[in-house]
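Thanks for making time. Today I want to go through the empty space in one protein model. Please have a look at the sequence and the structure first.

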Amino acid sequence: MGSVPIPPPLPTLKQDNVFTNKHWRVLFALLDAAIPSIVSSGTSESNCVSISQDEFQEIYENLQRSMKSPPSLEQFRTYMASRPSGDVRFVENVKRTLGALSPSSRVQLGRVLGFLGTRLGSLVSTWSLTPFPDQPLHARVAALKSWQQSWFSIWPMLARTFVALAKTCWSQTDTLLYNLSGFTGQQEGYQAASSVEFNFIDATIESETIDTDIVIVGSGCGGAVCAKVLSEAGHRVLVVDKGYYFPPDHLPMPIEGLQYLFQGGASLSSTDGSMFTAVASCWGGGGTVNWSASLHTPDYVRKEWAVDEGLELFSTPHYQECLDRVCDFMRVNSSELSHNFTNRVLLDGSSKLGWECQTVPQNIRSAGHNCGSRCGFGCSGSQKQGPTVSWLPAAGKAGARFMEGLDVSKILFDHTDGMKKATGLLGTWYSREGVQRSVRVKAKKVVVSAGTLNTPLILLRSGLKNPNIGSNLHLHPTGNVVATFGQDTYGWEGGILTSLVSEFGNLDGQGYGVRLEPCNMMPQYAIFGFPWDNALQFKIDALKYRQSACFIALTRDRTSGKISPDQDGYPAITYTPDESDRAHIRTGIVAIAKLCYIQGAMELFALVPGVPSFKCSRATDNRHIEDADFVAWLDRLEHADHKPSSVIYGSAHQMGTCRMSTSEKTGVVDQNGKVWEAEDLYIADASVFPSASGANPMITVMGISDHIARGIAAQ
């Protein structure tokens, strides 16, 4: 085993057929404006923002006072003068990120960049006839700031888009920032676990038509559970997935390889730009990249689904047995957990304030799980008992077969006797080397577990007409708070999510509210949480990463959106958090701020435009949440503009687009996961949730899938 992960082979960056050199020049002129080169006056560098020597010195001295391990003056000068577009890794990362977008999204972005590169576009966007990339950097920085504050919705949306792209790609690649923060991409004493031999089917060798009893589309938390249950029941099972398997010695996946783990390279957004969502797209699905949280379906959610939705399953001992069974198989436990700094803030702060807080059970094999936040990009030690480590190997031992790289085009049906009966599927297989083959699978039953975004698209491509397909989308939208403390927190080390605050989980008395959780502390998540009010401020704040802790307010949303295919067949996410959900998020970020304040945070950042950070040097023992200056800042935070046109909300959970129901009029599947519109066709993933689960959904997905698979096996 090597001392670092084996990097995956990356496709060569090809000549782009949408973005010309002119487009790239405009784009990188924008990204350099978001994170510019900043130098003190008297320096004769071009393409930089110049500030006075006195201001530069004052900034550095303030940084020295606020940081336990500040950079030297020379290191600070080098960092501030650096320019993202001068870094080859940054440039390639941007190009790969945009390459993962749908063709129509790329064309739309190309039109925007093309317009901004004209004199007319520059006049409209900056009040100058000088083409945007030819304007001095300080003018471009000012233009980006003015877009944020524009009354015309297109400009704030563009500002959000370009700033988000710059922050993400820069924080993923800037080695200067990493060195000054003490961040390393792999844990000390890296040692990868052994690989699993899945013996994937090679479509260049196998017959074009594969015969099986049951084909399962998707290898994530739903499909993997079904594979184990059904293969152990004696059925011939084939699991197919468009994603690929990466063994432990390739994990955690480096930044350049995120396209292999996440759909769209983790850059999917809603059509209005208000939501960014991370969607797993790899062998093992969300169970490969999640944060190990293993929470049962909350009782009040089960009651809602059983009573309000008429789905008796969720009130039965049988469903509880399903939840217990999947947890037992993965050795879910909360004993001997050690909490890192971020999780201790929630636990200790809640204790002081008398709030309900709990330790979060984990699906880990032992207390020695030490991937840290890197585990969100794959667990190198195979301690996390996700699908690739537990469920799928067990299915393989029982005879299941596997095929990676298969993109399913549609489900096949037999219409004999006027009934629509699933008989298999058609798809296109892509080898890792780029070889392409058509594949047909003949099966007695089909289980679709392709996830909330992709399952409805497969059904629609297959000709199903139920109007509920793709509707009822829930995303658990989150708001962010970053707090910096007077010590190095090394928040990327230790368990990601080992505690949560449930005090505000039922704000409306009907089971809807917000939970407070730690956030993954990898740079692109944590540094993204620092607001961008101006370029100078953001670049300075990013240096505080080593002393920061990042939190999310995760909302059980009443808002429902929709998944539909765009003109290229890619998932288009139509979703905007409504006022009640935004109010719950607001309550959550205020509560996080109180927890961090009472635990001694030196500075608080909320990702809300127009709200400055709150700074406090008061001793922790002398703090009270009624302190006047803190209360005044909270009041400003509560009354700020939280509208979707101004704020970016995040999501890592997608649910509900093929909801379970008692009637075809209100949903897509029945209580046994069978699609109302067809025989022998089942769905087993988070898309069947009747509404948002209100908790990290892995165990709920697995419990429902266990129930569905056992029902199929009993037929």
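I will take the cavities, then a pocket.

Keep in mind that this is a predicted model. How many cavities of 30 Å³ or more does the structure hold? There are two.

Start with the largest cavity, which has a volume of about 50 Å³. Its lining is made of G479, N480, I585, I589, L607, V608, H642, V647, I648 and Y649. Among the secondary structure elements, strand β14 (478–484) and helix α19 (579–598) each contribute at least two of the lining residues. Sorted by class, the lining of this cavity comes to seven nonpolar and three polar residues, with no charged ones.

Next, the second largest cavity, at about 40 Å³. Around it sit Y300, G505, G511, G513, V514, R515, L554, T555, R556 and G694. At least two lining residues come from each of the strands β16 (514–518) and β17 (548–555). Here the classes are three nonpolar, five polar and two charged.

Now the pocket. The second largest pocket encloses about 720 Å³. Its lining has 27 residues, and those nearest the centre are Q148, P609, S645, S646 and V647. V647 also appears in the lining of the largest cavity.

Which helix gives the most to the lining of this pocket? That is α8, with six residues. Helix α8 spans 154–173, and α7 (137–148) likewise supplies at least two. By class, the pocket lining splits into 14 nonpolar, seven polar and six charged residues.

That is what I have for today.

Definitions and conventions:
Residues numbered from 1 in each chain as written. Predicted model: local features only at pLDDT ≥ 70, side-chain atom pairs only at ≥ 80, totals over all residues. Heavy atoms only, no water. 1 Å grid on protein atoms, 1.4 Å probe; cavity = no way out; pocket = protein on both sides within 12 Å on 5 of 7 lines; lining within 4 Å. Points joined across faces, edges and corners; volume = space filled by probe spheres on them. Helix = DSSP H or I, 4+ residues; strand = E, 2+ residues; numbered from the N terminus. Nonpolar A, V, L, I, M, F, W, Y, C, P; charged D, E, K, R; others polar.
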